[in-house]
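Work through these exercises with the sequence and the model side by side. Try each task before reading its solution.

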Amino acid sequence: MHSPTLLTLTAILMAMVTAVLFAVWYFNRQIPGLRLWTLSYLFGLLFSISFLQWTRLPPALSVVLTQCAVSLTGYLCLMGCHAYMGRPPPRHGRAAVFIAVLVGMALYFTLVQPHPGMRFLAASLGPGVFYGLSAATLAHGGMQAYPARYLTAIVMGAHGAFVLLRTLLFKLQMSLVQDADMVPALSQFVILEAIMALVLIAFGILMLANEFTHSALRRLAEMDPLTSVFNRRAFLTLLDKAISQARRRRAELPVLVIDLDHFKKINDTWGHQCGDEVLRHFVGLAASCLRREDLMGRLGGEEFAIALPLATREGARAVAERLCSLVGQHPAMTEHGPIALTVSVGVTLCAAGETPEGVLHRADAAMYQAKQRGRNRVEVWQPEPVPGG
């Protein structure tokens, strides 16, 4: 199979993949990065077409078209990875300067001082660097939690490394220029690698689209839509896992139940929309008191629960006191003006072999004790004394 045939096959595959990605993006525009990845393949298609027309176009135009297209293929892939991971976009100014330098380098070694090896190096640097950076951008979050990210990153990284190292193959080709069989074989090997990378990266992008959709559905099932903390069912599931881990580690596991004082009055006075703002305000304050490993869920209405893995009873009480003070010092700013807010907090420790519902029941009892003793306070659950003990 000759290289022109392989290049034609590459162009056809690029067109097919671009069409598929465009269709997926058209019906799933909420998936971040998908539009940019589609544009990346579109520029890959333009590169394949311009490379096929190399001899039919003026040399300067051919160089500019192919160099810009191949560089933008890699850069748009990097932009797509940044968008998917929720990171700010790369600095376009630096990328523009880098691509302009590569274009100038390719023009110089084509028109001024012809040197196929240096021109090939210029064509390899752009995509090689951008695909390598794309791989580094995606490989975050943990392989077990996000396998699609890491599998796609591996393919992108391997392709970027091959593109950067293929200049060594070009040097080998030049040293074997007298071997009529070896030269086309090496050229075809380079094109075949590009075809394989094209297909595998496209599959990776579709896997990422599926990962995002699955994560969004799971978030809808697990998270409270108003406050963006875990709903009751998800919190109970996670609390059960935390209890098991604490048992294995023989560590304490404090649990807090928090209720917003006089919340019904807020709803009755200013309306439910204002009440929703107050709930979100409280969650924002609570999040500032918690560590990354802590769990927070909305049990229903204005009642919330927090689990503090690896914390002690004293540490949990300190967190509860700090939260109680913070809420009292920071009124919720609403369209009706500042609304003062206080909370009542109950604290308890999980007992060995206890169910999540049993833990919450005790913490809830401590919280109601706080309300009975005047609200805006913290109560730690104490076991009732045994008669005659």
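The exercises below concern a predicted model.

**Exercise 1. The largest nonpolar core**

Task: Find how many residues the largest nonpolar core has, and which have the most contacts inside it. Then list the elements that give two or more residues to this core.

Solution.
- Step 1. The core has 35 residues. Leu256, Leu260 and Phe282 have the most contacts inside it.
- Step 2. Four strands give two or more residues: E1 (254–260), E3 (303–307), E6 (343–349) and E7 (378–380). The helices that do so are H9 (263–270), H10 (272–287) and H11 (313–329).
- Step 3. Look for a second core. A separate one of 31 residues includes Leu34, Tyr41, Ala148 and Ala202.
- Step 4. Set this against the general pattern. In soluble globular proteins, nonpolar side chains tend to be buried together.

**Exercise 2. The surroundings of Leu260**

Task: Leave aside neighbours within four places in sequence; which residues are in contact with Leu260?

Solution.
- Step 1. Start with Val278, Leu279 and Phe282, which are in contact with Leu260.
- Step 2. Add Glu302 and Phe304.
- Step 3. Leu341, Thr342 and Val343 also touch Leu260.
- Step 4. Lys371 completes the list. Keep Lys371 in mind for the next exercise, where it meets Asp259 in a salt bridge.

**Exercise 3. A salt bridge across the sequence**

Task: Which parts does the pair Asp259 and Lys371 tie together? Is Asp259 buried or exposed?

Solution.
- Step 1. Count the salt bridges: the structure holds 11.
- Step 2. Pick out one of them. The side chains of Asp259 and Lys371 meet at 2.9 Å, N to O.
- Step 3. Place the partners. Asp259 lies in strand E1 and Lys371 in helix H12 (residues 356–372), so the bridge ties together parts 112 residues apart in sequence.
- Step 4. Check accessibility. Buried means under 20% relative accessible area. Asp259 is at 8%, so Asp259 is buried. Lys371 is at 14%, so Lys371 also counts as buried.
- Step 5. Extend the pair. Asp259, Asp261 and Lys371 are linked in a network of salt bridges.

**Exercise 4. The partners of Arg291**

Task: Give the closest N to O distance between Arg291 and Glu293, and that between Arg291 and Asp294. Then classify each residue by accessibility.

Solution.
- Step 1. Arg291 forms a salt bridge with Glu293, with the closest N and O atoms 3.4 Å apart.
- Step 2. Arg291 forms a salt bridge with Asp294 too, at 2.6 Å.
- Step 3. Arg291 has 34% relative accessibility and counts as partly exposed. Glu293, at 41%, is partly exposed. Asp294, at 11%, is buried.

**Exercise 5. The cavity and Leu310**

Task: How many cavities of 30 Å³ or more does a search of the whole structure find? Which residues line the largest cavity?

Solution.
- Step 1. The search finds 1 cavity of that size. About 50 Å³ of space lies in the largest cavity.
- Step 2. Read off the lining: Ala242, Gln245, Ala246, Arg249, Glu252, Leu253, Pro309 and Leu310.
- Step 3. Sort the lining residues. The split is 5 nonpolar, 1 polar and 2 charged.
- Step 4. Look again at Leu310. Leu310 is found in the loop between E3 and H11. Leu310 is exposed, with a relative accessible area of 54%.
- Step 5. Check the backbone. Leu310 has a positive phi of about 65 degrees although it is not a glycine.
- Step 6. Compare Asn376, in the loop between H12 and E7. Phi of Asn376 is near 55 degrees, also a positive value in a residue other than glycine. Asn376 is partly exposed, at 39%.

**Exercise 6. Distance in sequence and in space**

Task: How far apart in space are the C-alpha atoms of Lys264 and Gly301? What is the C-alpha to C-alpha distance for Gly271 and Leu308?

Solution.
- Step 1. Lys264 is found in helix H9 and is exposed, at 58%.
- Step 2. Lys264 and Gly301 are 37 residues apart along the chain; their C-alpha atoms are separated by 9.7 Å.
- Step 3. Gly271 sits in the loop between H9 and H10. At 23%, Gly271 counts as partly exposed.
- Step 4. Gly271 and Leu308 are 37 residues apart in sequence and 33 Å apart in space.

Terms used
Residues are numbered from 1 along each chain as its sequence is written. This is a predicted model: local features need pLDDT of at least 70, side-chain atom pairs count only at pLDDT 80 or more; totals for chains, interfaces and linings use all residues. Side-chain values use heavy atoms; hydrogens and water are left out. A nonpolar core is a set of buried Ala, Val, Leu, Ile, Met, Phe, Trp, Tyr and Cys residues joined through side-chain atoms within 4.5 Å. Buried means under 20% relative accessible area, exposed over 50%, partly exposed in between (1.4 Å probe, protein chains only). Contact means heavy atoms within 4.5 Å. A salt bridge is a side-chain nitrogen of Lys or Arg within 4 Å of a carboxyl oxygen of Asp or Glu. On a 1 Å grid over the protein atoms alone, a cavity is a set of points where a 1.4 Å probe fits but cannot get out, and a pocket is an open set with protein on both sides within 12 Å along at least five of seven lines; lining residues have an atom within 4 Å of a point. Grid points are joined across faces, edges and corners, and a volume is the space filled by probe spheres set on the points. Ala, Val, Leu, Ile, Met, Phe, Trp, Tyr, Cys and Pro count as nonpolar, Asp, Glu, Lys and Arg as charged, and the others, Gly among them, as polar.
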